[in-house]
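Biologist: I would like to go through this model and ask, for each label, what supports it. Please set the values against the cut-offs as we go.

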Amino acid sequence: MPPTIPGFTYHRVPVADDVSLNVAVSGSGSPLVLLHGFPQTHLMWRHVAADLAADHTVICPDLRGYGASDKPADTDTDTDGSEYAKRTMANDIVTLAHALGHDRFALAGHDRGALVAFRAGLDHPDEITHLACLDVLPTLDMWDVLHGVTAAVGFHLYLMAQPPGLPEELISAAPDAFFGHFLDIWTNDPQAIPARIRSAYLDACRAAVPSIVADYRASAGVDLAHDRADRDAGRQLRMPVAVLQQDWGAALGFDAAALWRAWAPDLRHSTVTCGHFMAEEAPADVAKALRDLLAR
């Protein structure tokens, strides 16, 4: 059996036609949904979730296409109905919260989950009370800041943006090497992801190559179109927003706080010294940042 978060109850919750999410829930109080990133599952929140469950109802799903959640085939990546558009994935999360009895809730996401959270904040402002995004830029800004050889840091973005077929074949040929590469290079403290958790991540990714690629491919198509339409319309995040990031701007030559502030007028932006997987490397700091956000 794969690891679970101790003290959390697990459910399968239908969120769309033929799509149910695996979700861990614990605690009482105001609801907080935590969305994982790549190449992980809801288990990345295990320390933070246990901490915050003392004060809040904490909800940790596997995103569609990841972990033990359903992985529908992606048949159309060019329209609003894309299976892995962040708009679709954000709708999953709002439907999940409603099914668990929460009309309004706070939302935090890391990496891919932060992009889902960002889209949920723009599309569902009356339901998202507070928003936290960990170690990403919005999709439109992400593509804009990648230039020349420095863009090599995001080689996987370009690989998985290719048309269906080749990326899936290449990654499926050596999935543990591919996904394990990111677990290794993005971690400052390897002990933060112990062997049994690493194994669970690799097992989950190995079984989800087509849906993970579809998630990334959407960010080079439909997600980009949605962000561009919102920027052109002047839409912004209306709730309090917290962003925690590594200082990639210093390396790649951009002002991350300024890019985020264009989307989020009520922003608190912080840089961290830990690695990308901050909820596992510095869980106390992340839990504090989320508590500070929820107090705003």
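Biologist: Let us take Glu168, which lies in helix H6 (residues 166-173); what makes Glu168 count as buried?

Modeller: This is a predicted model, and in it Glu168 has a relative accessible area of 15%. Buried means under 20%, so with 15% Glu168 is called buried.

Biologist: What does the side chain of Glu168 reach, and why is that called a polar contact?

Modeller: The side chain reaches the backbone nitrogen of Gly165 at 2.8 Å. Since a polar contact needs a pair of N or O atoms within 3.5 Å, the 2.8 Å between Glu168 and that nitrogen falls within the limit. Leaving aside neighbours within four places in sequence, Glu168 is also in contact with Pro163, Val209, Pro210, Val213 and Arg217.

Biologist: Arg119 lies in helix H3 (residues 112-123); is Arg119 buried or exposed, and how do you know?

Modeller: Arg119 has 2% relative accessibility and therefore counts as buried, the cut-off being under 20%. Its side chain is joined to that of Asp123 by a polar contact of 2.8 Å, and a further polar contact, of 2.9 Å, joins the side chains of Arg119 and Asp227. With neighbours within four places in sequence set aside, the residues in contact with Arg119 are Lys86, Arg87, Ala90, His226, Asp227 and Asp230.

Biologist: How many aromatic pairs are there, and what makes the pair of Phe38 and Tyr216 edge-to-face?

Modeller: The count comes to 13 aromatic pairs. For Phe38 and Tyr216 the distance is 5.1 Å centre to centre, with 75° between the planes; centres within 6.5 Å make a pair and planes over 60 degrees apart make it edge-to-face, so both conditions are met by 5.1 Å and 75°.

Biologist: Why can this pair be said to tie together parts of the chain that are apart in sequence?

Modeller: Phe38 lies in the loop between strand E3 (31-35) and helix H1 (46-52), whereas Tyr216 lies in helix H9 (residues 209-218), so the pair ties together parts that are 178 residues apart in sequence. Phe38 is buried, at a relative accessible area of 0%, and Tyr216 is buried at 3%.

Biologist: What is the geometry of the pair of Phe178 and Phe182, and why are these two separated by about one helical turn?

Modeller: Phe178 and Phe182 form an edge-to-face pair, at 5.1 Å centre to centre and 80° between the planes. They are four residues apart in helix H7 (residues 175-185), which means about one helical turn between them, and Phe178 and Phe182 are both buried. One aromatic cluster is formed by Phe38, Phe155, Phe178, Phe179, Phe182, Trp186, Tyr216 and Phe277.

Biologist: Turning to helix H14 (residues 283-294), how do you know that its span is close to the one expected?

Modeller: H14 has twelve residues and reaches 16 Å from its first C-alpha to its last, close to the 16 Å expected at 1.5 Å a residue.

Biologist: Which residues of H14 are buried, and why are they placed on the same side?

Modeller: The buried residues in H14 are Val286, Ala287, Ala289, Leu290, Leu293 and Leu294. They cover an arc of only 160° around the axis, and therefore lie on the same side of H14. The face turned away from that buried side carries the exposed residues Ala284, Asp285 and Lys288, while what covers the buried residues includes E3, H1, strand E5 (105-110), strand E6 (128-134), strand E7 (241-245) and helix H13 (278-281).

Terms used:
Residues are numbered from 1 along each chain as its sequence is written. This is a predicted model: local features need pLDDT of at least 70, side-chain atom pairs count only at pLDDT 80 or more; totals for chains, interfaces and linings use all residues. Side-chain values use heavy atoms; hydrogens and water are left out. Buried means under 20% relative accessible area, exposed over 50%, partly exposed in between (1.4 Å probe, protein chains only). A polar contact is a pair of N or O atoms within 3.5 Å; within protein, one must be able to donate a hydrogen and the other to accept it, and residues adjacent in sequence count only if both atoms are side-chain atoms. Contact means heavy atoms within 4.5 Å. Rings of Phe, Tyr and Trp (its six-membered ring) pair if their centres lie within 6.5 Å; planes under 30 degrees apart count as stacked, over 60 as edge-to-face and the rest as tilted. The expected span of a helix is 1.5 Å times one less than its number of residues. The arc is that of the directions from the helix axis to the C-beta atoms.
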